[in-house]
Amino acid sequence: MRLLPAVVSLSLTVALAYYVYIPLPETIQEPWRLMMLDVGFRTTMHLASLKAWLGFDHYIQSLRQSTEGFDDIMQGLCSSQSEGGVMPGVKVCDITFAGVPVRVYEPPAGGEGHLRRGLMFIHGGGWALGTTKKGSYDVINRMLSDELNTVVVSVEYRLYPEVNFPVPYLDCLAAAKHFLSAEVRARYAIDPERIAVSGDSAGGNLAAAVAQEISTDDTMSVKFSVQALIYPVLQALDFNTPSYLQNQHIPILYRPIMVRFWLQYFGADLSLLPQLLANNHSSLQHSNITPELRARVDWTVLLSPKHKKNYKPVIVEKGSQGGAREVPGLLDVRASPLLAGPEVLAKSPRAYILTCEHDVLRDDGLMYARRLQDSGVTVTVDHYLDGFHGCFSFVTWPMEFEVGKRAVRGYLDWLQKNL
């Protein structure tokens, strides 16, 4: 009988180690920190799914409660930093732009006698999670406002499950047009030649889509001068790019989770997930996906050999019957900016695109950079060999990563020189 406690203890230890440990590439500098972060995310998702299965709440609502609770803790830990000397005097105000909730950060340096930069920021979170009012987004926007003497407007667009595409896009577009208006520019003393749009992940998707629409809208007298996209998600036709396959098991954005985010955004049946993972939704039998559209996401042409490596394209002859009909919005450039034609890209603002080697979305950003460059747009690609999806947001204790701090610094430095 004395052996029983030892056996149980050993079994629990092995089970815990199996749950925590994930083999990670050697280039990731703080592997155990990332593993522990991932344990927290996976556990939160499992518990949220269990609560939904038991009928207590929608799993996204449960995820929000957990992440917002974590953000509240982080906000308390970071409040002294953002209020006690590092960013003194940044004025923060929660208002609405064209009916869309936004948070405005005004720098301590006034606009009297000179104009200031302006930047609209759109947060990530798979079009379902996140807020710029708490956590690292708030800290980074305060830093940006203070260091670059910039009026920052962060958009609180509506999220899934309350809404689906194109509502988040339309919210961001409405806020952007209001931000660029003469009335708002005058109110905040913003230089019309120095206004940026920026976002990370799903926010990068929305930022790119909004930048495209504004750049081609002849009714807009003032347009964005630059776009700064942080590991943006840009297409839903190919979930078997080299980065999707190489990084499908790398925290914190696993391949099936990204596909699920897309299905949720489109309001499609979640049971279609295996079809999308296999690229059946974009098989050659779907005549509405023209060769021209396919060429716009053809990584065999758009990626460099070092990123293509030895991967082969996954092209399905005959897949699921529905295709674009089963996944409404699949071919809409407002959802997939990488599908935009060269005539649209040619009018897009100068671009900064941050990509991470260990991120399923790496190739989306790299392909977009190549297509923008081919269309005559000046592009800076800031690629982090030790980066992973989400690292930009992990810059405050206790979840700070050196690569995250470098990524934020690189982003701020580029905006300082180019905005």
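1. In this predicted model, helix 16 makes the biggest contribution to the lining of the largest cavity, giving three residues. The elements that supply two or more residues to that lining are helix 16, which spans 402-418, and strand 8, which spans 379-388.

2. The largest cavity itself has a volume of about 50 Å³, and the count of cavities of 30 Å³ or more comes to one. Its lining is made up of Ile-28, Gln-29, Glu-30, Asp-386, Phe-388, Phe-401, Glu-402, Val-403 and Arg-406. Sorted by class, the residues lining the largest cavity are four nonpolar, four charged and one polar.

3. The second largest pocket should be read separately from the cavity, and about 300 Å³ of space lies in this pocket. Its lining consists of 14 residues, and those nearest the centre of the pocket are Asp-238, Arg-294, Val-297, Val-314 and Ile-315. In the lining of the second largest pocket, eight residues are nonpolar, while three are polar and three are charged.

4. How many disulfides does a search of the whole structure find? The search finds zero, and Cys-356 offers a case that can be followed step by step. The closest cysteine sulfur to that of Cys-356 belongs to Cys-391 and lies 3.7 Å away, which is too far for a bond, because a disulfide requires the two sulfur atoms to be within 2.5 Å.

5. On the surroundings of the cysteines, Cys-356 is buried, with a relative accessible area of 0%. Cys-172 is likewise buried, and its relative accessible area is 0%.

Notes. Residues numbered from 1 in each chain as written. Predicted model: local features only at pLDDT ≥ 70, side-chain atom pairs only at ≥ 80, totals over all residues. Heavy atoms only, no water. 1 Å grid on protein atoms, 1.4 Å probe; cavity = no way out; pocket = protein on both sides within 12 Å on 5 of 7 lines; lining within 4 Å. Points joined across faces, edges and corners; volume = space filled by probe spheres on them. Nonpolar A, V, L, I, M, F, W, Y, C, P; charged D, E, K, R; others polar. Helix = DSSP H or I, 4+ residues; strand = E, 2+ residues; numbered from the N terminus. Buried < 20%, exposed > 50% of the residue type's maximum accessible area, 1.4 Å probe, protein only.
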